[in-house]
Amino acid sequence: MSTFFDLQKALYSSASARTFGTVKSIVGLTLTVRGLASVAGIGSRCRIAGRRGAVDGEVVGAEGSDLLVLPFGSWDGVAVGDKAELLEMDDMVFPDESWIGKVVDALGRPLSRYNRAPRPRRATAGRAQPPGAFERKAVGEKLQTQIKCVDIFTPICRGQRMGVFAGSGVGKSTLMAMLARNTDADVIVIGLIGERGREVQQFIQEDLGEEGMARAVVVVSTGDEAPLLRKQAALTTTAVAEYFKSQGKQVLLLLDSVTRFAMAQREIGLARGEPPTLRGYPPSVFSDLPHLLERAGPGREGEGDITALYTVLVDGDDMNEPIADAVRGIVDGHLVLDRRIAEQGRFPAIDLQRSLSRMLPDCHSAEEYEITRTARRALGRYADMEDLIRLGAYKEGSDPETDEAIRFFKVAGPYLNQRRGEKVPASQSFAEMYRMVLEAGITDPLQAFFAEAERQRTEVAAQ
């Protein structure tokens, strides 16, 4: 009997079995491993024992009995014949409350100067499946972003997913920082995908600041890192948001940018032999995008929600390029940042005519929606006539509606400009917009509501 217990103790205390293969060939970023096909699949992690140290990689494809592996870095020092060890459970991240206020890399490891206490080993899968269509709750109440043009013209609700479309240097990062600092959420999860290394600390220290970092988790993968890490950073960011959602928290997910995630997947797809299609993007890009974006949104009963904003960096300010077009068809609304508006000095440089929220009109009260509709119509009228007005071809008094639009734009344009640290409650924004509508001479949009209220008051008094 003692022999049996001794054997059992030895089995329990022994290390788990280790599985090895061999490097067969290396072509560009793609390394081929033989001997692991029967125990590893797509997404499995491997560690290659190179001459300059171990290099981790991920299985992205298979050719016959060989596996195709891409690195979380580069294959410098790796040679044909080196050992490739299969890593167990290495594709998991382990978020918890201690992550709040910290910065981690694409694999969930703390970055220097942002150390954290040891965490419990509660695994969260980076490649989790989105909730089923009938498992989700409905989109929740309206969020107060305290950004004037967002709260009035493109409101965001709990569990909604919005795209932020812009060219480079138009103010995407500043808008994301304003949303992180101003929006009412329990936890903010920010993914900086393919960001410039110089701008990471600038974003954290200046744009986000101590106020934003106090309730934020930041996942960083800079543009110089391997495409596998840039893609993994987006998956890790979403996995962290899902963890806090499962704890019943309201999560604001900010991912900057989806375009760089798509570019990383393009490099991965081409390296494993996929054919390039639209503008060089392989088919896997357009299948991975909805899978990533659909993981955000309303949670199941008893869970919190993930309200997500995804930035899209459009090439040459072309809002119809493939990634922008694909994302626009998935999300629940979009904010378009216009370079011309930014050059005029108005920030956030949101083009109100091209931006929309699919939660309208239901998320506004009836009175708020009438104010929004009237203001949008006046701004649209001014935009239609802007070129003629600037050239002096329009004469005041030619069209009463255009005259009203000009008067309204002169006060509304400067009002919608908002500094980075400025916060304006939504109720105040609507009150100011209503005042400007009346002062421009536009027909009172709430006249019908006041008339109905007076009628009801009269009926009550008569009884």
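**Exercise 1. Locate Pro 348 and describe the peptide bond before it.**

Step 1. Pro 348 sits in the loop between helix H9 (339–343) and strand E17 (356–357). Helices (H or I, at least four residues) and strands (E, at least two) are DSSP runs, numbered from the N terminus.

Step 2. Phe 347 and Pro 348 are joined by a cis peptide bond, with omega about -5°.

Step 3. Pro 361 is found in the loop between E17 and helix H10 (366–391). The bond from Leu 360 to Pro 361 is also cis, with omega near 5°.

The model is predicted: local features need pLDDT of at least 70, side-chain atom pairs count only at pLDDT 80 or more, and totals for chains, interfaces and linings use all residues. Residues are numbered from 1 along each chain as its sequence is written, and side-chain values use heavy atoms, with hydrogens and water left out.

**Exercise 2. Describe the contact between domain 1 and domain 2.**

Step 1. An automatic or database domain assignment divides the protein chain into domain 1 (16–86), domain 2 (92–358) and domain 3 (367–451). The C-alpha centres of domain 1 and domain 2 are 31 Å apart.

Step 2. Domain 1 gives 10 residues to the contact and domain 2 gives 10 residues, where contact means heavy atoms within 4.5 Å.

Step 3. About 950 Å² is buried between domain 1 and domain 2, with 66% from carbon and sulfur atoms. Buried area is the accessible area (1.4 Å probe) that two parts lose on being put together, summed over both. Val 60, Leu 70 and Phe 72 supply 45% of the area that domain 1 buries against domain 2, more than any other three residues.

Step 4. There are 0 salt bridges between domain 1 and domain 2 (a side-chain nitrogen of Lys or Arg within 4 Å of a carboxyl oxygen of Asp or Glu).

Step 5. Strand E4 (53–63) and strand E5 (66–71) each give two or more residues to the side of domain 1 that touches domain 2. The largest share, 3 residues, comes from E5.

**Exercise 3. State where pLDDT falls below 50 over residues 114–121, and what contacts that stretch has.**

Step 1. pLDDT is the predictor's confidence in each residue, from 0 to 100. The mean over the protein chain is 88, and 92% of its residues reach 70 or more.

Step 2. Residues 114–121 have pLDDT below 50, and this stretch has 19 contacts in the model beyond near neighbours in sequence.

Step 3. Where pLDDT is low, the predicted coordinates should not be read in detail.
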